[in-house]
Amino acid sequence: MTENGPHTASEAPAPEKAESLENRRKRLRFRSWHRGTREMDLLMGSFADAHVGEFDHAMLDRFEALLELGDPDLYDWMSGREPVPAEHDSDVMRLLTAFRYTPRQGS
């Protein structure tokens with residue numbers, strides 16, 4: 001039944017509009033700059049400003065998954081204090097561990 005009855009998965013109405021790539025990038029940049037600790041705000045926010053604009057949907061998925069993790073773990077992996085666990089070792093995590101924060105002029 002499709003006219004007035006229940007929909008099956010293949011007949012379900014299309015979701016509103018998927019989030020645009022640019023809106024997603026903006027949202028992830030904002031989340032990167034608002035982590036909770038100033039140090040991670042600077043590291044993750046600066047990284048996002050430098051790289052998120054070049055990320056495709058799949059890379060944004062991997063970056064967003066990293067944003068879900070706690071600051072202490074991310075900081076330990078970024079600083080080399082701890083090895084990156086296999087489940088988080090991705091192209092995005094390798095970019096993140098290679099990234100070097102440089103303070104902006106006047107900061």
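What share of the contacts in the chain with a separation of 6 or more comes from residues 24 or more positions apart? In this model, which is a predicted one, the figure is 58%, and I would like to use the next few minutes to go through the elements and side chains behind that picture.

Let me begin with the layout. The chain has five helices and zero strands, so that, read along the sequence, the pattern is simply α-α-α-α-α. Of its 107 residues, 32% count as buried, and the accessible surface comes to about 7200 Å², with 52% of that area belonging to carbon and sulfur atoms.

Turning to the interior, the largest nonpolar core has 20 residues, and those with the most contacts inside it are Met44, Phe55, Phe63, Leu74, Met78 and Leu96. The elements that give two or more residues to this core are helix 2, helix 3 (57–67), helix 4 (71–79) and helix 5. If we take Leu74 as an example and leave aside its neighbours within four places in sequence, Leu74 is in contact with Arg35, Met40, Met44, Leu66, Leu69 and Leu96.

Leu74 also belongs to the buried set of helix 4, together with Asp71, Trp77 and Met78. These four cover an arc of only 135° around the axis, which puts them on the same side of helix 4. As general background, an α-helix has 3.6 residues a turn, so residues three or four places apart point the same way. The buried residues of helix 4 pack against helix 2, helix 3 and helix 5, and just after helix 4 the backbone at Gly80 takes a positive phi of about 85°.

Next, the aromatic side chains, for which the count comes to four pairs. One of them joins Phe47 and Phe55 in a tilted arrangement, 6.3 Å centre to centre with 55° between the planes. Phe47 counts as buried because its relative accessibility is 0%, and Phe55, at 2%, counts as buried as well. Phe47 also pairs with Phe99, where the ring centres are 5.6 Å apart and the planes stand at 85°, so this pair is edge-to-face. That second pair links distant parts of the chain, since Phe47 sits in helix 2 (residues 38–51) and Phe99 in the segment after helix 5 (91–98), 52 residues apart. Phe99, like Phe47, is buried, and the two of them form one aromatic cluster with Phe55 and Phe63.

Finally, the charged side chains, where the count comes to twelve salt bridges. The side chains of Glu64 and Arg27 meet at 2.9 Å, N to O, and this pair connects helix 3 with helix 1 (residues 21–33) across 37 residues. Glu64 counts as buried because its relative accessibility is 17%, whereas Arg27, at 30%, counts as partly exposed. The salt bridge between Glu68 and Arg31 also has a distance of 2.9 Å, N to O, and here Glu68 lies in the loop between helix 3 and helix 4 while Arg31 is in helix 1, 37 residues apart. Glu68 is exposed, with a relative accessible area of 57%, and Arg31 is partly exposed, at 24%. A further salt bridge is that of Arg94 with Asp89, whose closest N and O atoms are 3.1 Å apart. Through shared partners, salt bridges join Glu19, Arg24, Arg27, Arg31, Asp61, Glu64 and Glu68 into one network.

Key: Residues are numbered from 1 along each chain as its sequence is written. This is a predicted model: local features need pLDDT of at least 70, side-chain atom pairs count only at pLDDT 80 or more; totals for chains, interfaces and linings use all residues. Side-chain values use heavy atoms; hydrogens and water are left out. Rings of Phe, Tyr and Trp (its six-membered ring) pair if their centres lie within 6.5 Å; planes under 30 degrees apart count as stacked, over 60 as edge-to-face and the rest as tilted. Buried means under 20% relative accessible area, exposed over 50%, partly exposed in between (1.4 Å probe, protein chains only). Contact means heavy atoms within 4.5 Å. Accessible areas come from the Shrake-Rupley method with a 1.4 Å probe; for residues, only the protein chains shown count as cover. A nonpolar core is a set of buried Ala, Val, Leu, Ile, Met, Phe, Trp, Tyr and Cys residues joined through side-chain atoms within 4.5 Å. The arc is that of the directions from the helix axis to the C-beta atoms. A salt bridge is a side-chain nitrogen of Lys or Arg within 4 Å of a carboxyl oxygen of Asp or Glu.
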